[in-house]
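This briefing concerns the structure shown below. Please read the notes alongside the coordinates.

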Amino acid sequence: MKFFSVMLLALCATASHALPRLHSKAIAPKPMVQASVHPADAALSLRGGFIEAELYKKVVCSVFGIYGLQFLVAPGKIVTDHQDVAMTPALEFWVRGTAVPMAVAVYGLMNLEGDAATKGCLALSAGCGLLYPWNAKFNMIGEKIPLKYPMHYVPEVLMGVLTVLGVAVLVNKD
């Protein structure tokens, strides 16, 4: 529950950046002197914005590319590092097979541009976060899996950060 509270707080903080610009001109009076830069934009300004869409895409593709390689090369390690379960040949088969769709997803996202790439990266991060680490932690679908901490904090936090960054990129787009 704490994790979802922190994620909700982070999403609200990210979304609040866009709220001042959403007011209708009919409701909010027009200022006498127009500022050239919105104060929130100036505060978040770092080489042209909070995080650039292209950088976000490369970060997400790098993370999932590494996960895909781990699924292919060391399926047993990725399971036994995060879960307190025995590795079986059937489980190794399924984990190794996940490397192909992961690689295709990374390839596809790297060939997309603009909002489509950002939305795809956000969907991949949030979807994988919901179905893998957050589902394992909060038992949303299926049976409870015994997890190994502190190692399982890595994907929980990583998918959360990638999801929040994706929302920030979409909110702060020009």
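The points that follow describe the fold, the core, one helix, the surface, the backbone and the salt bridges.

The model is predicted. The protein contains 9 helices and 0 strands, and buried residues account for 30% of its 174 residues.

**Overall fold**

- From the N terminus on, the order of elements is α-α-α-α-α-α-α-α-α.
- Of the contacts between residues at least 6 apart in sequence, 71% join residues at least 24 apart.
- The exposed area of the protein is about 11000 Å², and carbon and sulfur atoms supply 70% of that area.

**Nonpolar core**

- The largest nonpolar core comprises 24 residues, and those with the most contacts inside it are Tyr56, Val60, Phe64 and Met159.
- Two or more residues of this core are given by each of α3 (53-73), α4 (75-82), α6 (99-110), α7 and α9 (153-171).
- Helix α3 provides the largest share of this core, with 7 residues.
- Leaving aside residues up to four places away in sequence, Val60 touches Cys121, Leu124, Ser125 and Leu162.

**Helix α7**

- Helix α7 has 18 residues, which at 1.5 Å a residue should span 26 Å; the end C-alpha atoms are 26 Å apart, so the two values agree.
- The buried residues in α7 are Ala117, Thr118, Cys121, Leu122, Leu124, Ser125, Ala126, Cys128 and Gly129.
- These buried residues of α7 pack against α3, α6, α8 and α9.
- Two of them, Cys121 and Leu124, are buried and are also touched by Val60.
- Leu130 is likewise found in α7, but Leu130 counts as partly exposed because its relative accessibility is 40%.

**Nonpolar surface patch**

- Leu130, Leu131, Tyr132, Met140 and Ile141 make a nonpolar surface patch of about 510 Å².
- Tyr132 belongs to the loop between α7 (114-131) and α8 (133-138).
- With a relative accessible area of 45%, Tyr132 is partly exposed, because this value falls between the 20% limit for buried and the 50% limit for exposed residues.
- Tyr132 and Glu156 are 24 residues apart along the chain, and their C-alpha atoms are separated by 8.6 Å.

**Backbone features between α8 and α9**

- Most residues other than glycine have a negative phi, and most peptide bonds are trans.
- Asn139 lies in the loop between α8 and α9, and its phi is near 55 degrees, a positive value in a residue other than glycine.
- At 32% relative accessibility, Asn139 is partly exposed.
- The loop between α8 and α9 also holds Pro150.
- The peptide bond from Tyr149 to Pro150 is cis, and its omega is near 15 degrees.

**Salt bridges**

- The count of salt bridges is 4, and three pairs, including the following, are described here:
- Glu54 and Lys57 form a salt bridge with an N to O separation of 3.5 Å. Both residues lie in α3, 3 residues apart, which is about one turn of the helix.
- Glu54 is partly exposed at 36% relative accessibility, whereas Lys57 counts as buried because its value is 2%, under the 20% limit.
- Glu92 forms a salt bridge with Arg96, and the closest N and O atoms are 3.0 Å apart. This pair lies within α5 (residues 89-97), at a spacing of 4 residues, about one turn of the helix.
- Glu92 is partly exposed, with a relative accessible area of 29%, and Arg96 is also partly exposed, with a relative accessible area of 32%.
- Lys137 forms a salt bridge with Glu156, with 3.4 Å between the closest N and O atoms. This pair links distant parts of the chain, since Lys137 is in α8 and Glu156 is in α9, 19 residues apart.
- Lys137 is partly exposed, with a relative accessible area of 25%, whereas Glu156 counts as buried at 1% relative accessibility.

Terms used:
Residues numbered from 1 in each chain as written. Predicted model: local features only at pLDDT ≥ 70, side-chain atom pairs only at ≥ 80, totals over all residues. Heavy atoms only, no water. Buried < 20%, exposed > 50% of the residue type's maximum accessible area, 1.4 Å probe, protein only. Contact = heavy atoms within 4.5 Å. Areas by Shrake-Rupley, 256 points an atom, 1.4 Å probe, with all protein chains shown as cover. Core = buried A, V, L, I, M, F, W, Y, C linked by side-chain atoms within 4.5 Å. Patch = residues over 30% accessible without salt bridge, like charges linked within 9 Å, V, L, I, M, F, W, Y side chains within 5 Å. Salt bridge = Lys/Arg side-chain N within 4 Å of Asp/Glu carboxyl O. Expected span 1.5 Å × (residues − 1).
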